[in-house]
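Student: I've got a structure on my screen and I'm not sure how to read it. Could you walk me through a few features?

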Amino acid sequence: MFVRSLRRSAAVVLMLALVVPLLAACGGAPAASPTAVPTDTGSAEPGVLRINVGSEPDNVDPQLASFVGEIQYIMMAYQGLMTFDQDMNPIPGAAESVEVSDDGLTYTFKIRPDSTYSDGTPLTAKNFEYAWKRLANPKTAGQYQSLPCGIIKGYSEWSAAACQGLSMTETMALDLATLEADYGVKAIDDSTLEIELTAPAPYFLSMAALWIGAPVREADVAKGDDWWYDAENYIGNGPFVLSEWDHGNKAVWEANPNYNGPLGPVKLKKVEYFMISEGQVAFQAYQNGELDMLGISPEDLAAVETDPVLSQEIVNVTGSCTFYFGFNTKKAPFEDTKVRQAFAQAFDREAWNRDIFGNMGSVAYSFIPPGFPGYEPDLNLWPFDPEAAKATLAESSYGSVENLPEIKLTYSASARNNARFEWVAAQLKTNLGIEAVLDPVDPTAYTALTKTDPPQLFNLGWCADYPDPQNWISLFQTDGLLSSRVGYSNPEFDALVRQADVEQDAAKRAELYAQAQEMLVIDAPVTFTRNDGGPVLVKPYVQGVSEETITPIDYWLGFFNLANVDVQP
Amino acid sequence: MTAYIIRRILWQIPVLLIVGMMTFGIAKITPGGPFDTDPDRRQLSPAVEKILRQKFGMDLPFWRQFTRYMFFDFVENPKTGETELQWGAIGGNFGPTYSSRGNRTVQQELFEERSGKPSRFYYSARLGIQALIFAVVLGIPMGVLAALRQNTIIDYLILFISTFFVSLSTLIVGFLLVIVFAVNLNWFTVIADWQDPIRPWILPTIALGSTSLGFITRLTRSSVLEVKRQDYIRTAQAKGLADQIVIWRHMLKNALLPVVTVLGPLAAGLITGTLYTEIIFQVPGMGNLLVEAISKRDYSMITSGALIFVFFLGVANLLVDIAYGAIDPRISYK
Amino acid sequence: MTVAAPTLNDLNIQKPRSLWADAFRRLSRNRAAMVGLVVVVIYVLIAIFAPLIAPKNPVEQTSGNSLRPPVWVTDNPKRMPNPENLFGTDTNGRDILSRLIYGVRVSLIVGLVPQLIIVTIGITIGLISGFAERWLDNLLMRITEIVASFPDLLFIITLTVAFRDTAFGKAFNGLLLIFTALAAVGWTGMARLVRGQVLSLKEKEFIEAARALGIPTPTILFRHILPNTMAPIIVAISFSIPGLILAEAILTFLGVGMKPSVDSTNALPTSLGQMMSEGFSNLSSGPWMLLFPVVMISTLVLSFTFLGDGLRDALDPRDSA
């Protein structure tokens with residue numbers, strides 16, 4: 001008897017020993033856990049900011065890279081010709097000034113005098129010429145090579161494969177030397193860079209602020225295909241210097257003493273990137289004082305908001321993405337505009353953002369997100385109204401819900417998305433009486449599907465490359481990047497966008513884009529649902545992070561006004 | 001024996017070829033390609049995608065792509081414009097990784113030691129071997145003890161401990177260890193500092209080893225029980241045979257057989273990297289990379305991962321088969 | 001220990017009994033095994049009668065009722081439990097208790113059905129390989145190596161995308177695909193384990209005697225060798241059950257597993273493994289979302305292990321003490 005009861009209690013004790021800390025340390029009893037001491041500074045050091053970037057970038061070569069995690073490295077190490085101010089207007093970066101000719105075709109950049117790379121070697125207009133030529137060179141074949149097609153003079157001709165769709169063999173057979181000589185990027189002298197365009201393109205200044213024009217050095221690039229893999233080769237003119245890169249583990253940045261651009265002077269001595277891919281582990285690291293800032297997922301938000309310490313450490317940031325449901329206008333029933341409009345009215349965006357995202361980010365009724373040029377807070381044509389939705393549906397050629405074909409909700413499969421789209425399906429049922437079928441598809445196969453055979457109803461997003469309405473609205477032109485996925489084509493819309501893209505008068509241009517955006521919302525080939533963004537956690541000893549001083553460009557980097565941040569534990 | 005080993009090694013050649021072809025083929029027919037990642041960002045323009053497809057030889061017929069990967073091909077060098085012989089996997093060239101835009105090769109990603117930093121293979125292999133040692137050194141004695149004390153509290157406790165960890169995913173076991181030892185007790189840091197030669201290895205070794213520990217403990221227990229009941233042991237025990245050591249040795253040797261069998265696949269699996277342990281403890285090993293390669297459709301990385309795994313599996317199984325002979329001399333290889 | 005008399009006694013009693021009755025008698029004496037048996041039976045009953053037991057529909061979502069803690073957790077005034085949800089709710093406001101009850105169904109099926117295939121293929125290949133000529137052994141073992149390195153995840157992705165609109169892909173909410181995939185690659189470990197045992201057994205005296213007597217090979221294999229390999233097989237099975245339950249969770253986590261469901265008549269809406277991975281990603285906000293499935297899975301696995309050990313001991317013909 002004694003043995004038996006002992007046996008049982010031993011098992012119970014063991015079980016408790018294993019499971020209780022799980023509960024206690026994860027928000028069940030925050031006050032009791034040692035991590036919740038408000039003044040916990042962990043192992044923080046003055047002047048050192050430790051953040052989690054989640055994973056190792058695959059390639060940080062400025063002329064090849066294309067993902068956010070990669071661009072982040074490039075923007076730390078390099079300073080392009082231009083950068084953005086806090087209102088997202090392009091301002092001179094490595095350039096001291098820029099002059100645009102009256103016809104809007106010639107841009108003359110003056111490089112800041114006595115500019116150097118972080119290792120002290122001089123930075124001249126020649127370095128920029130090399131970088132912009134490397135971008136256009138067909139041998140580079142970077143993923144963003146097609147971005148400046150048709151904008152810079154001679155670019156399309158030289159970069160024939162990326163811009164004209166020629167094969168590599170055909171491109172190599174061209175007279176490449178002549179094409180290079182005709183290319184519109186020239187260093188007039190050490191401090192002057194001249195770029196000629198084919199047609200006026202007011203958004204070119206924003207483009208000149210992108211990572212694609214980062215001034216890599218020929219000598220570094222010559223060290224091999226993966227020259228960028230070694231910190232000692234990754235030498236730039238940006239606010240920080242990559243001093244150590246322990247691949248898959250951490251990257252250490254030190255302030256660049258030679259930086260003379262508008263983002264400086266940098267207050268921090270050091271920034272440490274960690275590559276923790278599991279969000280729960282990063283959350284523990286933050287609570288344990290091993291990280292100074294942390295992005296929170298919607299899943300963690302409830303825990304943070306109800307925690308007396310963590311809720312004091314929330315800082316809100318704006319995002320740069322808009323998410324939407326796409327209706328394939330080539331597939332029934334969405335060939336009918338009224339059906340699309342009805343679905344747009346039947347979706348409760350407020351509830352979506354509240355229930356699923358804990359009110360992180362914001363609801364979206366139009367394309368361009370808040371804080372970006374072209375954002376229109378009043379463009380709200382499809383407020384949530386199930387009755388109106390049913391009425392709109394009755395006006396459609398289908399007449400009523402019963403006559404609609406099966407509605408299949410296709411999305412990128414993951415545990416998280418399963419829960420989200422279960423919610424969406426429940427909404428459609430409540431609001432319109434539609435029994436939607438859930439259709440999860442492997443993420444990569446899903447992306448391929450949206451390009452080759454777009455599903456009937458699917459979910460996608462778009463994140464800014466650069467802050468200009470052209471980067472948003474123009475993508476919905478006939479056969480554009482986004483319109484081709486939903487089969488949208490409206491000649492009137494196309495005409496407006498074409499006019500806006502080259503319009504030099506800023507006010508008129510904004511007006512044209514506004515008209516186009518409204519047309520897009522009315523035609524409803526897609527219906528916008530929400531913008532990302534939301535709270536991040538910042539330790540109280542990290543100074544200089546505040547909602548007021550956040551620049552959107554910082555958010556793209558994953559930072560919040562990094563140059564003004566300081567750590568004083 | 002030598003002839004047997006040579007024959008076994010020759011057998012590995014078709015195995016490697018078939019695994020290579022099978023994996024490469026399935027990877028290729030899986031919908032979505034290396035340029036279909038991150039649907040919320042700008043996708044490649046069709047023209048750029050065409051260039052890249054050509055660059056990676058994705059437009060060639062399947063057999064040609066496969067022979068280029070596996071054996072060799074004549075490829076135009078983009079720098080000189082001349083056609084050169086380029087070896088494939090048999091020449092130690094496992095191909096470019098698509099995710100690095102072709103800047104880095106699979107062998108560089110997995111095996112290259114650079115700037116004094118160990119390779120990913122080093123991390124995976126060391127962690128795997130440590131976990132295996134942990135599991136064997138702890139598991140066999142625990143199993144023997146459980147068998148000798150069959151149906152006592154000790155037996156049940158060992159059974160409980162060894163099974164409890166198996167019933168949880170490594171993800172949760174690992175996370176629990178972090179919570180208890182790093183967050184609550186502060187013996188370790190949550191963020192691993194891999195410059196330290198010992199500290200960051202301890203928790204992942206335990207987490208990774210715990211699943212195998214359970215398996216080995218229980219297998220040992222059941223084999224020892226089995227052997228314990230064999231007639232000769234019973235006879236010896238009944239006679240009160242003086243030489244207990246003989247019995248012990250005999251018992252253990254026979255009990256080891258199934259344990260040794262499972263060590264083969266276990267070793268191959270542990271050495272080539274394990275996803276969850278790497279994720280929780282931020283081990284810069286191969287497991288994470290190989291699993292990510294699947295969602296990135298990094299064909300050469302996927303195929304190389306399978307080849308490396310089956311290579312180690314073959315080696316481990318060969319060692320196991322040789323060990324059989326040592327444990328039980330009646331099992332012979334002629 | 002007493003000596004002669006009880007042995008004789010035992011012999012007298014044992015004679016008329018069948019092997020199975022005898023085994024059951026021994027099993028019923030093993031307390032741990034009986035506890036295991038009772039728990040397993042309870043799980044099976046829960047699985048069968050899920051619709052009767054579950055207090056709510058497992059897919060019913062209530063807006064504004066998300067992430068409620070279990071009823072007894074009342075320490076946080078900002079997040080009070082809903083008395084209707086005993087074990088709290090998940091991110092979509094669904095009742096955790098009801099989902100657990102239905103989840104037991106899928107997890108039991110996933111843990112056991114592919115197991116049958118795994119055991120059948122594994123034992124057959126293992127027996128043949130261990131007993132056959134060297135070249136056949138070699139061939140079979142090399143095939144298991146190939147199968148062991150089969151890119152199953154990719155294959156499942158291909159199948160799910162290719163068959164997502166067909167009956168095969170939709171069957172049992174996508175579970176059929178998972179069974180096929182798990183069983184197709186899961187048998188290799190079992191095969192090697194059995195082969196290892198056979199290699200050693202076939203050189204034993206009693207097998208050589210049987211051969212010398214001219215007993216046909218299949219009889220030797222199934223009558224004389226197989227029963228002697230049962231011990232490691234049972235251990236392997238009891239370890240492969242949690243393996244399969246967790247594998248299903250991982251597949252679902254990666255988005256290629258079970259299809260999500262909002263259909264209130266769906267008999268297989270979720271699994272314990274799936275709830276566990278959902279729970280892990282919501283660990284900080286709703287630890288109960290992880291705790292309950294973990295406790296359920298652990299209990300289930302422990303019970304199977306205890307029962308398995310008891311069965312092994314009970315079926316051992318030599319162990320008649």
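**Reading the backbone and the core**

Tutor: Sure. Find A:Asn359 to begin with: this residue sits in the loop of chain A that runs between helix 13 (349-355) and strand 13 (362-363). Keep in mind that the model is predicted.

Student: What is the phi of A:Asn359?

Tutor: The general idea comes before the case. Most residues other than glycine have a negative phi. Here A:Asn359, which is not a glycine, has a positive phi of about 65°.

Student: Is A:Asn359 buried, exposed or partly exposed?

Tutor: Count the neighbours: A:Asn359 has 16 other C-beta atoms within 10 Å, so it is partly exposed. Now look at A:Ala524, in the loop between helix 19 (506-523) and strand 17 (526-538) of chain A. Its phi is positive too, near 50°, and it is not a glycine. A:Ala524 is buried, because 25 other C-beta atoms lie within 10 Å, and the cut-off for buried is 20 or more.

Student: Which peptide bond is cis?

Tutor: As a rule, most peptide bonds are trans. The one from A:Ala332 to A:Pro333 is cis, with omega near 0°. You'll find A:Pro333 in the loop between strand 12 (314-327) and helix 12 (337-345) of chain A.

Student: Next, strands. How do strand 4 and strand 5 of chain A pair?

Tutor: Strand 4 (residues 95-100) pairs with strand 5 of chain A in the antiparallel sense, over five bridges. To check the register, see that A:Glu99 stands opposite A:Thr108 in strand 5 of chain A. The two strands form a hairpin with five residues between them, and A:Gly104 in the turn has a positive phi of about 75°. Strand 5 of chain A also pairs antiparallel with strand 7 (residues 192-196) of chain A, again over five bridges. There, A:Lys110 is opposite A:Thr192.

Student: Which residues are on the covered face of strand 5 of chain A?

Tutor: A:Tyr107, A:Phe109 and A:Ile111 make up the covered face, while A:Thr106, A:Thr108 and A:Lys110 are on the uncovered one.

Student: And how many residues does the largest nonpolar core have?

Tutor: The general idea is that in soluble globular proteins, nonpolar side chains tend to be buried together. In this model the largest nonpolar core has 346 residues, and A:Leu537, B:Val178 and C:Ile178 are among those with the most contacts inside it. Helix 12 (residues 217-253) of chain C gives the largest share of this core, 17 residues. For a close-up, pick A:Leu537: beyond its neighbours within four places in sequence, its contacts include A:Tyr286, A:Leu294, A:Val304 and A:Ile314.

Technical notes:
Residues are numbered from 1 along each chain as its sequence is written. Chains are lettered from A and ligands numbered from 1 in the order in which they are written. This is a predicted model: local features need pLDDT of at least 70, side-chain atom pairs count only at pLDDT 80 or more; totals for chains, interfaces and linings use all residues. A nonpolar core is a set of buried Ala, Val, Leu, Ile, Met, Phe, Trp, Tyr and Cys residues joined through C-beta atoms within 7 Å. A residue is buried if 20 or more other C-beta atoms lie within 10 Å of its own, exposed if 12 or fewer, and partly exposed in between; C-beta atoms are placed from the backbone. Helices (H or I, at least four residues) and strands (E, at least two) are DSSP runs, numbered from the N terminus. Two residues are in contact if their C-beta atoms, placed from the backbone, lie within 7 Å. Two strands pair if DSSP finds at least two bridges between them.
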